[in-house]
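Me: I am new to this structure. Please take me through the ligand site closely, then follow the threads that lead away from it.

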Amino acid sequence: MDIINLRFLDVLDIVFVALLLYYLYKLVKGTVAVNIFIGIVIIYLMGSLTQLLQMELLSSVLGEFIGVGMFALIVVFQQEIRKFLLMIGSTNFTQKGKFFTQLRFLKGDLETSTNVDDIISACEIMGQTYTGALIIIQKNTNLDFVKNSGDDMNIELNQPIIESIFYKNSPLHDGAMVIEDNKITATRVILPVSNDRSIPLRFGLRHRAAVGITEKTDALALVVSEETGQISYIRDGEFVMFESTDELIDRIKEDLL
Ligand SMILES: Nc1ncnc2c1ncn2[C@@H]1O[C@H](COP(=O)(O)OP(=O)(O)OP(=O)(O)O)[C@@H](O)[C@H]1O
């Protein structure tokens with residue numbers, strides 16, 4: 001049987017294709033690129049159908065179109081291709097990858113190095129004073145490609161620092177803060193905004209930016225709403241529900257491991 005001849009390299013091949021498709025999906029999820037992709041598939045199917053039905057003229061017009069399709073794709077998806085290559089190139093496989101997580105697990109070391117309690121206490125206080133905040137916690141995907149839009153920092157994380165950065169009159173309060181391990185490594189960062197139409201209208205750009213970055217990377221995002229004081233936790237482009245701040249802290253700690 002053919003299945004018996006499946007070589008190790010074939011399995012690797014399938015895994016790589018699956019990874020590639022996963023990255024592509026993450027990239028185009030919720031963007032107009034999905035509609036463009038559907039358009040391309042429709043044109044391709046129409047081309048094949050007209051060929052089958054021997055509709056010479058239409059088939060040659062569509063055939064010409066598909067012929068230059070590769071160049072058209074590069075032009076249309078220029079931004080996406082750029083982000084895709086950046087995403088692949090900036091994935092930090094060694095820093096806190098699963099393999100190393102497992103090693104830590106074997107050692108019984110299940111504590112994250114990020115001071116999640118301080119982040120959430122700061123969010124709670126900012127929520128009570130209706131101070132808007134956008135905090136991004138880096139995991140495996142390197143966030144250098146967005147950090148370039150803000151200011152580089154290297155500050156040990158603690159509750160008063162977070163509060164003072166997002167304090168309304170602070171020159172650093174705008175945009176997002178990036179946290180790596182237990183350091184604030186960037187402030188005033190501009191993030192890619194999600195085009196996902198299923199996000200309720202009451203959420204503005206701050207929340208859309210949190211959805212945008214978590215759709216494209218494995219980072220975790222926390223938003224404090226300036227309007228309602230409510231804290232939102234966003235992961236993989238989705239709002240994560242929680243009942244209490246203790247539950248939120250536990251979830252983030254789990255997600256960071
Ligand atoms: N792309 C972005 N990247 C980073 N920060 C952003 C981005 N877009 C907006 N922000 C931040 O969000 C702030 C407020 O935006 P907006 O009022 O639209 O958000 P919101 O989701 O309605 O949040 P809130 O409930 O706090 O009003 C901006 O002043 C800016 O600091």
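Reply: Start at Glu226. One of its backbone N or O atoms lies 2.5 Å from an oxygen atom of the ligand. Keep in mind that this is a predicted model. Glu227 also takes part: an N or O atom in its side chain is 3.0 Å from an oxygen atom of the ligand. Then look at His207. Here a polar side-chain atom lies 2.6 Å from a ligand oxygen. Taken alone, the ligand exposes 630 Å², and the protein buries 79% of that.

Now widen the view to the shell. It holds 16 residues. The closest of them are Asp174, Leu191, His207, Ser225 and Glu226. Sorted by class, the shell has eight nonpolar residues, four polar ones and four charged ones. Which helix gives the largest share of the shell? That is helix H10, residues 205-216, with four residues.

Stay with Glu226 a little longer. Besides its backbone contact with the ligand, Glu226 forms a salt bridge with Arg206. The closest N and O atoms of this pair are 2.9 Å apart. The bridge links distant parts of the chain. Arg206 sits in helix H10, while Glu226 sits in the loop between strand E5 (220-224) and strand E6 (231-235). The two are 20 residues apart. Are these partners buried or exposed? Arg206 is partly exposed, with a relative accessible area of 24%. Glu226 counts as partly exposed too, at 42% relative accessibility.

Helix H10 has another residue to look at. Ile213 belongs to this helix. At 0% relative accessibility, Ile213 counts as buried, because buried means under 20%. Its C-alpha atom is 7.4 Å from that of Val193, and the two residues are 20 apart along the chain.

Back to charged pairs. A search of the whole structure finds 10 salt bridges. One of them joins the side chains of Lys147 and Glu180, at 2.6 Å from N to O. Lys147 lies in helix H8 (residues 144-147) and Glu180 in strand E3 (residues 176-180), so this pair ties together parts that are 33 residues apart in sequence. How covered are the two, buried or exposed? Lys147 is buried, and so is Glu180.

Arg235 and Asp236 offer another pair. Their side chains meet in a salt bridge at 4.0 Å, N to O. Arg235 counts as partly exposed, at 28% relative accessibility. Asp236 counts as partly exposed as well, at 41%. A network can be found elsewhere: salt bridges that share partners join Asp144, Lys147 and Glu180 into one.

Last, leave the charges and turn to the surface. Leu6, Phe8, Leu9, Val11, Leu12, Val15, Phe16, Leu19 and Tyr22 form a nonpolar patch there. Together they have about 860 Å² of accessible area. To find the patch, look for Phe16, which is placed in helix H1 (residues 8-28).

To retrace the route, begin again at the ligand, with Glu226, Glu227 and His207 each giving an atom that faces a ligand oxygen at a short listed distance: 2.5 Å for Glu226, 3.0 Å for Glu227 and 2.6 Å for His207. From Glu226, follow the salt bridge to Arg206, which lies in helix H10. From there, pass along helix H10 to Ile213.

Technical notes:
Residues numbered from 1 in each chain as written. Predicted model: local features only at pLDDT ≥ 70, side-chain atom pairs only at ≥ 80, totals over all residues. Heavy atoms only, no water. Near = heavy atom within 4 Å. Polar contact = N/O pair within 3.5 Å; in protein donor to acceptor, adjacent residues only side chain to side chain. Areas by Shrake-Rupley, 256 points an atom, 1.4 Å probe, with all protein chains shown as cover. Nonpolar A, V, L, I, M, F, W, Y, C, P; charged D, E, K, R; others polar. Patch = residues over 30% accessible without salt bridge, like charges linked within 9 Å, V, L, I, M, F, W, Y side chains within 5 Å. Buried < 20%, exposed > 50% of the residue type's maximum accessible area, 1.4 Å probe, protein only.
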